[in-house]
Amino acid sequence: MSAAKRIIIVGGGIAGLAAARAAVLRGRELKRDVKVTLLERSPRLGGVLVTERVDGFLLDAGADSWVVAKPQATALARALGLGGSLLGTRLENRRYYVGWGERLHLVPEGLVLGVPTRIGPLLTTRLFTWRGKARMAMEPFVAPRRFEGDDDESIADFATRRLGREAAERLVAPLLGGISAGDASDISVRAAFPQLVAMEREHGSLVRGMLVARRARSGESPFMSLEGGTGALVDALVNMLRDDGVPLRENAAVEGLTRDGTTWTVRLEGGERMETDAVLLAVPAFAAAKLVASLDEELSRALSSIAFGSSTTVFLGYRRQDVAHPLDGVGFVVPRTAGRAVMACTWISSKWEGRAPEGHVLLRVFLAGSSEPDDALVSTARTELRTLMGLDAEPCLSRVFRFEHSSAQMRVGHLVTLRTIRTRLAKAAPGLRVAGGGYDGVGIPDCIRQGEEAGRAMVEAKTSP
């Protein structure tokens, strides 16, 4: 009988947990003895997916949903028995606003990521000037760019080229740049939103591409969550792995890696050493860079070059009667050029069912990463809502979450960096893999996909010196 395949996964976020599950399942399919151990430095599993219940409110501190067009998260939820808990956005509120000029402007119907699929509503909005509207309407006549080799372009430049400066600055940049808490002028459109590049390539126009995509969706929710919040996905994964006997070790900080022939040694803080055949670093790139520094300097430099942003979210709960705004959408975004402290606000209880107790509403304000105390951040959030929404009531709930260096920002040139990382891993560190936000995508489905691919590959790989 052959020896068991030993696998250590460093990092207990959604990518690491998905990798552990995939490795266990692939081992069963191949009838191979696989021993998986997961190490997480913090006292809890799940990474930035954090769900709390407070006084009848449900708070998703990190991502509150995933994109339905990427099937991995929905498929995983169903496989874990959560199919009946899948939750789409509320149909009646699938619209959003833009904060501009100290007021909220409803984004015209048919305007998808700044791309006008209907001309009538675009003509009546005050969000754009007539010059800006005309430029957006000309999008189908803009010649497509054909990217070759390592050619790249920022989200802001891509949107400006296709739709004009007004649409790029007031709508596209805050929507897409905000996903990674970054600046759309820095983020690579090819790395972060390859579907937009593909749309331009295949249809010659974003307008034509969006019309095709809209017909394919046929009214379904573009985003999905769970009745118990995204943290329910983590809980189900953890329970499944523990039922299968997989050691999930919290408070297990890894401080270094070494390799001797085909065997890896993982060193933990406190002196413990663990030998293994394969290692997955499902941690932020800057953390992975430190762990591989003694193995390969070029790999470490490439990992270190991936930037990460910080963000702060402030949850505010109110009695519904104290909020005059109809809250008839999912919330609003604010362009950086507006110079405001708030980047966006989600009207959580309008977006999802079951997030606030009867007669109450829940709002979530996104601010740039800050070292200010919680009460100062709550005050800032309330000031912004007072200006943009006329909301001056005292909240019945306030809760602040901080995420330091947690939002990967795949900047222009990221695809070159990713190729370098993969090349150096293959040459200098066979048996070592990386996965998670900031490598090949940043959303929940992207992290699950990378984790599952890595988990299966570690089981399938033959041990070789």
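## A walk from H12 to H15 and its pocket

Start by selecting helix H12, whose buried residues pack against helix H11 (285-292) and H15. Keep in mind along the way that this is a predicted model.

**Stop 1: H12.** Show the side chains of Leu-299, Ser-300, Ala-302 and Leu-303, the buried residues of H12. Now look down the axis of the helix: these buried residues fall within an arc of 160°, so they line one face of H12. Next, turn to the face pointing away from that buried side, where you will find Glu-297 and Arg-301, both exposed.

**Stop 2: H15.** From H12, move across to H15, one of the two helices that its buried residues pack against. Select residues 414-428 to display the whole of H15, a helix of 15 residues. If you draw a distance from the first C-alpha to the last, expect 21 Å, close to the 21 Å expected at 1.5 Å a residue.

Which residues of H15 are buried? Colour His-414, Thr-417, Leu-418, Ile-421, Arg-424 and Leu-425 to see them. They cover an arc of only 130° around the axis, which puts them on the same side of H15. The spacing has a familiar background: an α-helix has 3.6 residues a turn, so residues three or four places apart point the same way. On the face of H15 turned away from the buried side, pick out the exposed residues Ala-426 and Lys-427.

To see what covers the buried residues of H15, add helix H7 (189-192), helix H12 (297-304) and strand E22 (432-434), which are among the covering elements.

**Stop 3: the second largest pocket.** Stay with H15 and E22, and bring in helix H16 (444-460): these are the elements that give two or more residues to the lining of the second largest pocket. Its volume is about 350 Å³. The lining consists of 19 residues, and to centre your view you can select Arg-422, Leu-425, Arg-433, Val-434 and Ala-454, which lie nearest the centre of the pocket. Leu-425 is worth a second look, as this lining residue is also one of the buried residues of H15.

**Stop 4: the cysteines.** How many disulfides does the model contain? The count is 0. Select Cys-396 and look for the nearest cysteine sulfur, which belongs to Cys-345 and is 15 Å away. Cys-396 is partly exposed, at 42% relative accessibility. For your last selection, choose Cys-447, which is buried with a relative accessible area of 9%.

Conventions: Residues numbered from 1 in each chain as written. Predicted model: local features only at pLDDT ≥ 70, side-chain atom pairs only at ≥ 80, totals over all residues. Heavy atoms only, no water. Disulfide = S-S within 2.5 Å. Buried < 20%, exposed > 50% of the residue type's maximum accessible area, 1.4 Å probe, protein only. Helix = DSSP H or I, 4+ residues; strand = E, 2+ residues; numbered from the N terminus. Expected span 1.5 Å × (residues − 1). Arc of directions from axis to C-beta. Contact = heavy atoms within 4.5 Å. 1 Å grid on protein atoms, 1.4 Å probe; cavity = no way out; pocket = protein on both sides within 12 Å on 5 of 7 lines; lining within 4 Å. Points joined across faces, edges and corners; volume = space filled by probe spheres on them.
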